[in-house]
Amino acid sequence: MNRKHQFPTPSPTGDKMIDLNFDRKNKAYQWTDPTTGEIFNFPGSGPAVKSEAWRFAISMLDPDIYQTAVSLIDRFPTLERVVWRGVERLLNGDVEILAAPVGDVVAMVASQSDVYGRHAIKNEDGYITCDCYAFVNMEAPLTPNGRRVCSHIAAYRLALTREERF
Ligand SMILES: [Zn+2]
């Protein structure tokens, strides 16, 4: 395996971003900036507040990928959910872009439903496909120009924008 084109596993921001605590007494999510030790509070409970806190943590830890995700979602609002899940996968170190395509396969992305499995991302004449359930069963959302995007493809696309900066 050519490690040169592999993303660091775990990435520098690694597991830190999902290190959210729920403060039961004050009913707030808390996130501690690992760099400064500063504690941020997000009053409330439930998934909306939790994801607000999670996104804030990403904006602090990895502003580049945060901005890329936000501008992608601005352009393609239907992709909001898969883009954030893609960010999570990318920062988890789940994406491996192949140094050279194998057939049509350009990248492998770790599967979260099967810890031993990975999904193959293919570039079929410019059309990006994935072999996961959401893509194959057409449950993954579409862009306005008819491109289907699952969280693995989102992670792959985010990884490409990152790689271009190196
Ligand atoms: Zn997929």
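Okay, let's start with the parts list: this chain has five helices and seven strands. Keep in mind that this is a predicted model.

How are those pieces ordered along the sequence? Reading along, you get β-β-β-α-α-α-β-β-β-β-α-α. So I'll go through the strands in that order, beginning with the opening β-β-β part.

Strand 1 covers residues 20-23, and four bridges join it to strand 2. The two run antiparallel. If you want one pair to find on screen, look for L20: its bridge partner in strand 2 is W31. Strands 1 and 2 make a hairpin, with four residues between them. In that turn sits K27, which has a positive phi of about 50°.

Now stay on strand 2, residues 28-32, and look at the side chains. Which of them are buried? Y29 and W31 are, and they point to one face. A28, Q30 and T32 point to the other face and are not buried. So the side chains alternate as you walk along the strand.

Strand 2 also has bridges to strand 3, residues 39-43: five of them, and again the strands run antiparallel. Here W31 comes back, because its bridge partner in strand 3 is F40. Strands 2 and 3 form a hairpin too, this one with six residues between them. The turn residue to click on is G37, with a positive phi of about 80°.

A quick bit of background before the next part. Strands of a sheet pair through backbone hydrogen bonds, and they can do that either parallel or antiparallel.

Okay, on to the later strands. Four strands form an open sheet, in the order 4-5-6-7, with antiparallel pairing. Which strands sit at the edges? Those are strand 4, residues 95-102, and strand 7, residues 127-130; each of them pairs on one side only. From one strand to the next, the twist averages 20°.

Let's zoom in on one end of that sheet. Strand 6, residues 118-124, is joined to strand 7 by four bridges, and these two run antiparallel. One pair to look for is I121 with its bridge partner C130 in strand 7.

Last, two numbers for the whole chain. There are 166 residues, and buried ones make up 28% of them. And if you take contacts between residues at least 6 apart in sequence, 46% join residues at least 24 apart.

That's my tour. Thanks, everyone!

Methods: Residues numbered from 1 in each chain as written. Predicted model: local features only at pLDDT ≥ 70, side-chain atom pairs only at ≥ 80, totals over all residues. Buried ≥ 20, exposed ≤ 12 C-beta atoms within 10 Å, placed from the backbone. Contact = placed C-beta atoms within 7 Å. Axes fitted to C-alpha atoms, helices over the stretch in contact; angles between N-to-C directions.
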